[in-house]
Amino acid sequence: MDILTTMYLISLYYIVLILWKWASKRRNSSCYMIRYECFKAPEDRRLDTGKSAAIVLRNNKLGIDEYRYLLKTMINSGVGDAAYCPKNVIEGRENSATVHDGTFEMDEVMFDTLDKLFDNTGVSPREIDILVVNVSLLATVPSLTSRIVNRYKMRDDVKTYNISGMGCSATIIAIDLIRQLFKIHKKAYAVLVSSESMGPGWYCGKDRSFMLSNILFRIGGCSMLFTNKPSLRHRALIKLKCLVRTHLGASDEAYKCCYQMEDEGGCLGFRLTKYLTKAAAQSFTQNLKQLVPRVLPITELLRYFILSRSWNKLGKYKLDDVGTGLNFKSGIQHFCIHPGGRAVVDGVSKGLRLSDYDVEPTRMTLHRWGNTSAAGFWYVLGYMEAKKRLKQGDKILMVSFGAGFKCNNCLWEVMTDMKDQNVWEDCIDDYPPKALANPFEKRYGWINDEILSFVRFTNEEFRACMSNS
């Protein structure tokens, strides 16, 4: 009997030890966000209708057909006239950007947001264990992470990672990297800086598939502080619950729908093709097949298993149809869709059956800040927080798409009632406006007058008319 009792106690001890180690591992591998700081550019960088017209008119390759296309696309883009433009473009040097223009733009974003992050959290730069920077279109030597380490005199054992080429979904890729590193580095601090270099890549040609990037993309960025320290759980704003990544790079059409290259005239730019929305729908569909079982309650899972079998059996992928039939609001209170452009935002909202209230933060972010690439999420989150929508226990779904082609989504849990007005402080009361009237249509709508089709203008004469509008 004594032997059996001893064996029983030993077995029980090992079971308890294994469970304790498992629980401890899960506890230490948690990913908490302590704070985030979004970038707001100086007011002299604001790209209003007058400055936009001046930039367009400097391009001697354009004529009335291109002006009409630009006006139509700008009106339909969802971007207003309060977002910000790179300094070299505002100064008229978009044709002759230098390496300094790129690093100046990044230094301004990185150092402004990091200064605020360290000041507002009380965490010293020398306490940082992991540093990640994601900027897709600028690779410098030394790296951008090295510029930060040098500026803030960080420790010589800080682990640095520089992510490039990942597009608008790079933030979630970077967070995934941090999540994995937290499994190795216990009780650590991680800083993530997410931005994009717009100035050196401004398109100066006349190919319409390249022009769209000039209309949508604006400067912005965000710095974030993460930790896996259980003792700092009470300071956390949000906690990562799950993250799913999908990559369609094996498909040639998906791979080439967002592509940095030169046009036929040798002008460098970012080409966006009509296949983009189909690639987004296809990748989103594949992503949801992994994500849905992790984020929706049991009551919705049976419906999911029935409906998912019929999703896009014919291969006709449409964003409006993705997720059809499921009630995503049964397990998620807030939807943070990347503000990449109106077409994708509207498609995702229809597929997920979201209301205007649900999509308001994304639409208002697109209108106020434009597409700030991978940093766009945090302006959307900032809007939700400034409107005091985020309550403890709420779930936030982030949906992103990026070149490659990728769909990366993640779910967060709100850890405390969030109410900081952050980067929206000076304008949150103006949103949402009663009507999102586009100022470009009001000022330059005359370009679409049919009578102009019967009048012969030289490009110089037409640019003179535009200048006087």
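Contact here means heavy atoms within 4.5 Å, a cut-off worth having in mind for the packing described below. With that in hand, welcome to a predicted model of a protein chain with 16 helices and 11 strands. Buried residues account for 54% of its 469 residues. This briefing walks through the overall fold, the largest pocket, the cores, a few buried residues and some backbone details.

**Overall picture**

- Take the contacts between residues at least 6 apart in sequence: 80% of them join residues at least 24 apart.
- The chain exposes an accessible surface of about 21,600 Å², and carbon and sulfur atoms hold 53% of that area.

**The largest pocket**

- If you are looking for a cavity-like feature to explore, the largest pocket has a volume of about 1,100 Å³.
- Its lining has 47 residues, and those closest to the pocket centre are Leu-212, Leu-216, Cys-258, Leu-272 and Leu-276.
- Several elements give two or more residues to this lining, among them helix H3 (64–77), strand S7 (258–262), strand S8 (268–272) and helix H10 (276–295).
- Helix H12 (342–351) and strand S10 (395–402) also belong to that group of contributors.
- Helix H8 (208–216) is another contributor, and its six residues are the largest share of the lining.
- By residue class, the lining splits into 21 nonpolar, 22 polar and four charged residues.

**Helix H8, beside the pocket**

- H8 is mostly covered, with seven of its nine residues buried.
- Those buried residues are Ser-209, Phe-210, Met-211, Ser-213, Asn-214, Ile-215 and Leu-216.
- They pack against H3, S7 and S8, and each of these three elements also gives two or more residues to the pocket lining.
- Leu-216 thus appears twice in this briefing: as a buried residue of H8, and among the residues closest to the pocket centre.

**Nonpolar cores**

- As background, nonpolar side chains in soluble globular proteins tend to be buried together.
- The largest nonpolar core here has 58 residues, and the members touching the most others are Tyr-36, Phe-226, Ile-238, Trp-378, Trp-412 and Trp-424.
- Helix H14 (residues 376–386) supplies eight residues, the largest share of this core.
- Trp-412 is a good residue to click on: leaving aside neighbours within four places in sequence, its contacts include Phe-226, Ile-238 and Trp-378.
- Charged residues also touch Trp-412, including Lys-239, Lys-241, Asp-394 and Lys-395.
- A second, separate core holds 40 residues, including Cys-258, Ala-281, Leu-288 and Leu-301.
- Cys-258 of that second core is also among the residues closest to the centre of the largest pocket.

**Buried residues and their neighbours**

- Gly-221 sits in strand S5 (residues 221–227) and is buried, with a relative accessible area of 0%.
- Although Gly-221 and Glu-37 are 184 residues apart along the chain, their C-alpha atoms are separated by 8.4 Å.
- Beyond four places in sequence, Gly-221 touches Glu-37, Cys-38, Phe-39, Val-109, Thr-113, Ser-194, Ser-195, Ala-375 and Tyr-379.
- Gly-382 belongs to helix H14 and counts as buried because its relative accessible area is 0%, under the 20% cut-off.
- Gly-382 lies 9.9 Å from Ile-428, C-alpha to C-alpha, with their positions 46 residues apart in sequence.
- Not counting residues up to four places away, Gly-382 touches Tyr-36, Asn-422 and Trp-424.
- Asn-88, in helix H4 (residues 87–90), is buried with a relative accessible area of 3%.
- Outside its four-place neighbourhood, Asn-88 touches Arg-93, Glu-94, Ala-97, Asp-101 and Gly-199.

**Backbone details to check**

- Most residues other than glycine have a negative phi, and most peptide bonds are trans.
- The bond from Val-141 to Pro-142 is cis, with omega near -5°, and Pro-142 lies in the loop between strand S2 (130–134) and helix H6 (144–152).
- A cis bond also runs from Tyr-431 to Pro-432, with omega near -5°; Pro-432 is in the loop between strand S11 (406–414) and helix H15 (439–444).
- Asn-422 is found in the loop between S11 and H15, and its phi is positive, near 40°.
- Arg-353 has a positive phi near 55° and sits in the loop between H12 and helix H13 (356–369).
- Arg-353 is partly exposed, with a relative accessible area of 48%.

Notes. Residues numbered from 1 in each chain as written. Predicted model: local features only at pLDDT ≥ 70, side-chain atom pairs only at ≥ 80, totals over all residues. Heavy atoms only, no water. Helix = DSSP H or I, 4+ residues; strand = E, 2+ residues; numbered from the N terminus. Buried < 20%, exposed > 50% of the residue type's maximum accessible area, 1.4 Å probe, protein only. Areas by Shrake-Rupley, 256 points an atom, 1.4 Å probe, with all protein chains shown as cover. 1 Å grid on protein atoms, 1.4 Å probe; cavity = no way out; pocket = protein on both sides within 12 Å on 5 of 7 lines; lining within 4 Å. Points joined across faces, edges and corners; volume = space filled by probe spheres on them. Core = buried A, V, L, I, M, F, W, Y, C linked by side-chain atoms within 4.5 Å.
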